[in-house]
Amino acid sequence: MWLAFTTAPTARGQNPNPQPKTAQPLESKPAAPWVTPAVRANRVERRTFESAAAKTKVSYHIYTPEVYDQEKDSRFPVLYWLHGSSGGLPGIKPLSEFFDDAIRKKKIPPMLVVFPNGLELSMWCDSKDGRVPMETVVVKELVPLIDRSYRTLANRTRRILEGFSMGGYGAARLGFLYPETFGTVSVLAGGPLDLELQGPRAKRNAALRERVLKDTFGGDLADFKAKSPLTVVAQAAGSDAVRPRVRVAVGSRDFTADLNRAFSDHLKKHKIDHDFKLLPDIGHDTMALLKGLGDENWEFYRKAFAGGQ
């Protein structure tokens, strides 16, 4: 079966796929491997499965709360966390500890947290050339795999899709493309949230902009526009599809703040209900943003899993 998975720990500090220190040509494959080293964190496992879409083994990490082992007949909601560019391994430990602490303190119900491997710059899209079918791997392969392999509450109202930076872009895009899969979407400092790929980061780093445009969108700005969360939202607004519950949050000192505010305005324009939070004195920092949301963050998760508005 192509969705069979295994557990494969990696020794601390070991790097089975060392990257050369010289710059890579733009036409090279993504630097991050489909199978990452294992992150050492309490109640977190790295697992792999054979992906039919990627035609290779793909890894993910998953956090399970302590009660998962204690209540063998219980089923649990799932949070899918999409990381930002350059890979998400450094964020898994602090994020899993953050959620674990909240669960232990009963601020949120026990849940599983899945950390997909989004490579370095996949934008959580299927690349135009077909080499990196990231959207398909996550939505069509990983989500069903998690529901078969773990005791989940396998319906949209018990799934949250959340992401930071590139992951926020991915959460916004996939959440509106697949509202039948994800009942709640949380966009944290998402980007790039413009149609020309001319945001602050792209303007500062022309080489990075070229690489993103080439690797994922085939060098085709029209493909970038077609896949943009802005376009997807506009299309969703004109359909009869069920809509996800949406949150957009960003720090006032974050370089993505203006475009996230504009994305909120875009949602308003299309009459899509959502919460928008602009937090003072916070930059482009995942944990600072989550912690800055305070108790409102936990209330958001509680309402999402309860189906509340």
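**Reading helices in a predicted model**

Student: Where does G292 sit, and is G292 buried or exposed?

Tutor: G292 is found in helix 10 (residues 286–292); helices here are DSSP runs of H or I with at least four residues, strands are E runs of at least two, and both are numbered from the N terminus. Buried means under 20% relative accessible area, exposed over 50%, and partly exposed in between, using a 1.4 Å probe and protein chains only. With a relative accessible area of 39%, G292 is partly exposed.

Tutor: Keep in mind that this is a predicted model, where local features need pLDDT of at least 70, side-chain atom pairs count only at pLDDT 80 or more, and totals for chains, interfaces and linings use all residues. Residues are numbered from 1 along each chain as its sequence is written, and side-chain values use heavy atoms, with hydrogens and water left out.

Student: Which residues does G292 touch, not counting those up to four places away in sequence?

Tutor: Contact means heavy atoms within 4.5 Å. By that test G292 touches L279 and I282. I282 is 10 residues from G292 in sequence, and their C-alpha atoms are 7.9 Å apart.

Student: How do I read a pair of helices, say helix 2 and helix 11?

Tutor: Two packed helices are described by the angle between their axes and the distance between the axes. Axes are lines fitted to C-alpha atoms, for helices over the stretch in contact, with angles from 0 to 180 degrees between N-to-C directions. Helix 2 (residues 89–104) and helix 11 (residues 295–306) have axes that come within 12 Å and cross at roughly 75°. That makes the two helices roughly perpendicular, a label for angles of 65 to 115 degrees. Helix 2 brings F98, F99 and A102 to the contact, while helix 11 brings N297, W298 and Y301.

Student: What about the length of helix 9?

Tutor: The expected span is 1.5 Å times one less than the number of residues. For the 13 residues of helix 9 (residues 257–269) that should be 18 Å, and the end C-alpha atoms are indeed 18 Å apart.

Student: Which residues of helix 9 are buried, and what covers them?

Tutor: An α-helix has 3.6 residues a turn, so residues three or four places apart point the same way. In helix 9 the buried residues are A257, N260, F263, S264, H266 and L267. Their cover includes helix 4 (166–177), helix 8 (229–237) and strand 8 (245–251). H266, at 15% relative accessibility, counts as buried. Leaving out residues up to four places away in sequence, H266 touches L230, V233 and A234.

How values were computed. Parallel < 35°, antiparallel > 145°, perpendicular 65-115°, else oblique.
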